[in-house]
Amino acid sequence: MPTGVSPVRYVSNWGLLDLPNVMTVHCVHVDDEDIEILERTQVAIAHCPRCNAKLGMGTAPLSQFLARGLRVGIGTDSPASNSTIDFFDEMRVGLLIQRGITGEASFYTAERFMTLATLGGARALKLDHLIGTLEPGKRADIIAVDLSQSYQVPTQDPYGALVHTSNQEDVLMTMVGGRLLFDRGRFLTLDPEAMRGRLEEMRIKVRG
């Protein structure tokens, strides 16, 4: 990369951001000019706070992205750079990092991060007409979360309970497109043991 050229300006110079349906990931090393470019080209942003923090990559200026009306959704990056692919952890850590850096607790609310993880992600993918909210005409993509654990009660704010206290182990049910995939500890379409065996074979092969 040429000296003095940001990642955003580098790919912009090649015309890559002018292609349709571009999604950028991380965007932790950006300045005002970069953000203007992202706004002009109407790209989407996958915000991956845990990966960024774990690898010491930097912190995205999330409030500036949202103020410019950029389409931002929560991401996890991948298992190669993240310990788990737990969206509850991603929301929680992302919220706490932004609050700690900016001191803007009233702006970075649990409800805002829940929206980024659901409707925000759908908008980033330009699928918000199909998914992201529960309403007539959209696909039945639903999870049910247990909020009865000792660390969750009394629950007065469901957004706060989901973002600040919940994790993947609290998920009771997962439905995608109206099809039940997981119900109270049982995988209905997958064989976890067979998958673990296959994954171990792949791990050995990659290391070899």
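In the predicted model, C51 is buried, its relative accessible area amounting to 1%. The closest cysteine sulfur to that of C51 belongs to C48 and lies 6.2 Å away, which is too far for a bond. C48 also supplies the nearest cysteine sulfur to C27, in this case at a distance of 9.6 Å, and C27 takes part in no disulfide. With a relative accessibility of 9%, C27 is likewise classed as buried. Since a disulfide requires two cysteine sulfur atoms within 2.5 Å, neither the 6.2 Å separation between C51 and C48 nor the 9.6 Å separation between C27 and C48 qualifies. The number of disulfides found in the model is zero.

The strands β1, β2 and β3 form an open sheet, in that order, with parallel pairing. Its edges are occupied by β1, spanning residues 23–25, and β3, spanning residues 71–74, each of which pairs on one side only. Direction ignored, neighbouring strands of the sheet are turned against each other by 25 degrees on average. Strand β2 comprises residues 44–47 and runs parallel to β3, to which it is joined by four bridges. Within this pairing, A44 is placed opposite R71 of β3.

Strand β3 is covered on both faces. In general, side chains of a regular strand point alternately to the two faces of the sheet. In β3, R71 and G73 lie on one side, V72 and I74 lie on the other, and all four residues are buried. The sheet is also crossed by helix α6, formed by residues 110–124, which lies across β1, β2 and β3. The direction of this helix is at about 120 degrees to that of β3.

Three aromatic pairs are counted in the model. A pair of aromatic rings is characterised by the distance between the centres together with the angle between the planes. One of the pairs, F107 with Y108, is edge-to-face, with 4.8 Å between the centres and 90 degrees between the planes. The partners differ in their surroundings: F107 is partly exposed, at 24% relative accessibility, whereas Y108 is buried, at 0%. Y108 also pairs with F113 in a tilted arrangement, for which the centres are 6.2 Å apart and the planes make an angle of 55 degrees. In this second arrangement both Y108 and F113 are buried. F107, Y108 and F113 together constitute one aromatic cluster. A charged residue is also associated with the cluster, as R112 lies over the face of F107 at 3.9 Å from the ring centre.

A further position considered is G197, which is located in helix α8, a helix made up of residues 192–207. G197 has a relative accessible area of 34% and is therefore classed as partly exposed. From F65, G197 is separated by 132 residues in sequence and, between C-alpha atoms, by 42 Å in space.

How values were computed: Residues are numbered from 1 along each chain as its sequence is written. This is a predicted model: local features need pLDDT of at least 70, side-chain atom pairs count only at pLDDT 80 or more; totals for chains, interfaces and linings use all residues. Side-chain values use heavy atoms; hydrogens and water are left out. Two strands pair if DSSP finds at least two bridges between them. Helices (H or I, at least four residues) and strands (E, at least two) are DSSP runs, numbered from the N terminus. Axes are lines fitted to C-alpha atoms, for helices over the stretch in contact, and angles run from 0 to 180 degrees between N-to-C directions. Contact means heavy atoms within 4.5 Å. Rings of Phe, Tyr and Trp (its six-membered ring) pair if their centres lie within 6.5 Å; planes under 30 degrees apart count as stacked, over 60 as edge-to-face and the rest as tilted. Buried means under 20% relative accessible area, exposed over 50%, partly exposed in between (1.4 Å probe, protein chains only). A charge sits over a ring if NZ of Lys or CZ of Arg is within 6 Å of the ring centre and within 35 degrees of the ring normal.
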